[in-house]
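Biologist: Please put the model on the screen, and then let us go through it one question at a time.

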Amino acid sequence: MIANIVRIWGKYWMIFLEGLWNTFWIALVAIAIGTVFGTLIALVRMSKRKGISSIAAIYIEIIRGTPMLLQFYLFWLGLPYLFPTISNLACALVALCVNSSAYVAETIRAGIQAVDPGQREAALSLGLTEANIMKKVILPQAVKNILPALGNEFVVMIKETALASVFFVGELMTAFKTVQSNTFLALEPLIIVGLIYLFITLTLSNIMKVFERRMKAND
Amino acid sequence: MTDQALIQLVDLHKYFGDLEVLKGINETIKEKEVISIIGPSGCGKSTLLRCMNLLETPTQGQVIFEGVNILDKKVDPTLHRRKMGMVFQHFNVFPHLNVLENITLAPILNKLMTKAAAEEKAIGLLERVGLGDKVYEYPRKLSGGQKQRLAIVRAMAMDPKVLLFDEPTSALDPEMVKGVLEVIKSLAITGMTTVIVTHEMGFAREVSDRVWFMYDGVIAEKGTPDDVFNHTKNPRAIEFLSQVL
């Protein structure tokens, strides 16, 4: 079996590396766009107006309360009604962005709410406007809570992209399926793909640990 | 002390849910006056102070500051807060900014001063309170007493008409208390209108023009320090003072 693994890697490494690259950028785009929209949703969620805030709350609950796979199918089935020529990859990307925006929104909200309320009171007592309080006092402190959580979210997203292989979008699990159908071997390419996932998630968590330690040192 | 009223509290009530914390406060604070608010914990003294700059919104009544009812819906409380400095029990200095930035943030953002003028003023104030060598330090490097002096300077940098102190020495180690009280005292005797919620009875007796003793949401006894500390007939005040003096 180890001989098979080596042989398959020797022959198909290009496909695996392409899968790795696709997994990486799909997850990165999903997190990046998810962060932009997640921030907006978090701000809406924290609005003092109950009606507006509850719209964001409902959105977050729906996304977090349904399976990722269902959301993939939903956009894969739904989006072609609006955009008849849309690709599987685009549908999968939209689903991932929507999904991560909801999780990121909660991450950001938690990070902001973890800032000592006394900070806001001090800023209020100095006559700062609400916008300045957020921009200059709360967010700079919340970032320290939010960034590590966003890193974790990125690792989660890398693993979530595997579900998109149902639609053959070219990420790592798709690479597994391609190699499997070419070689009629399943376990060997699966082990290769598993090791690649492990490599990337472990690398990322270690980078994050170093980063967190640096931030703590600055505290 | 002058006779000009700076803050008038008119029939002030505050509820937290069903709990009535302030039960009708009617008082006038004059310019340059130093008022100490004392009383057992839970009597509403911090809430009363926080109602003055609307960190708490009174449920009923008026807060008239410089002749304007700042509870009026048409009034922007932000503009009035700029003239009312506040110092908190837990300092609430900004940990992500250095000492100088802590002080200049509000004057610059509120467009009261240029950056250069704000910094010059800040450094002058820091020297006055003995923090002249800490200008570029971050708060994590400061002791509790130094943080509180920084918080006082931060409030002073806005050129407030009144300083509100909410138990400014209660979170300090005992050896830090004196230095902070001396700074407050030096402000008070130079004519800064001061309202201070405090458990430091010696300080209240020595520095105040008037003392309010609060009990159960009302000002149960008030007068000069001599009236309150030596001649009160109020049984609650007598009981409280016998415990703390």
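Biologist: Which residue in β4(B) stands opposite B:Ile7?
Modeller: This is a predicted model, in which local features need pLDDT of at least 70 and side-chain atom pairs count only at pLDDT 80 or more, while totals for chains, interfaces and linings use all residues. Residues are numbered from 1 along each chain as its sequence is written, chains are lettered from A and ligands numbered from 1 in the order in which they are written, and side-chain values use heavy atoms, leaving out hydrogens and water. Strand β1 (residues 5-16) and strand β4 (residues 60-65) of chain B pair in the antiparallel sense over five bridges, where pairing requires that DSSP find at least two bridges between two strands. Across from B:Ile7, in β4(B), is B:Phe65.

Biologist: Which helix packs on this sheet, touching β1, β2 and β4 of chain B?
Modeller: Helices (H or I, at least four residues) and strands (E, at least two) are DSSP runs, numbered from the N terminus, and contact means heavy atoms within 4.5 Å. The direction of the helix makes about 125 degrees with that of β1(B), with axes being lines fitted to C-alpha atoms, for helices over the stretch in contact, and angles running from 0 to 180 degrees between N-to-C directions. The helix, spanning residues 45-52 of chain B, is α1.

Biologist: In the open sheet of six strands, what is the order?
Modeller: The pairing in this sheet is mixed. At its edges stand β6 (84-87) and β10 (218-223) of chain B, each with a single partner strand, so one side of each lacks a neighbour in the sheet. From one strand to the next the twist averages 20 degrees. Read across chain B, the order is β6-β7-β8-β3-β9-β10.

Biologist: In β7(B), which residue is the bridge partner of B:Met86?
Modeller: β6(B) and strand β7 (residues 162-166) of chain B run parallel and are joined by four bridges. B:Met84 and B:Met86 point one way from β6(B), and B:Gly85 and B:Val87 the other way, all of them buried, that is, under 20% relative accessible area, with exposed over 50% and partly exposed in between (1.4 Å probe, protein chains only). While B:Val87 stands opposite B:Phe165, the bridge partner of B:Met86 is B:Leu164.

Biologist: What is the mean pLDDT of chain B?
Modeller: This value is the predictor's confidence in each residue, from 0 to 100. In chain B, 99% of the residues reach 70 or more. The mean pLDDT of the chain is 93.
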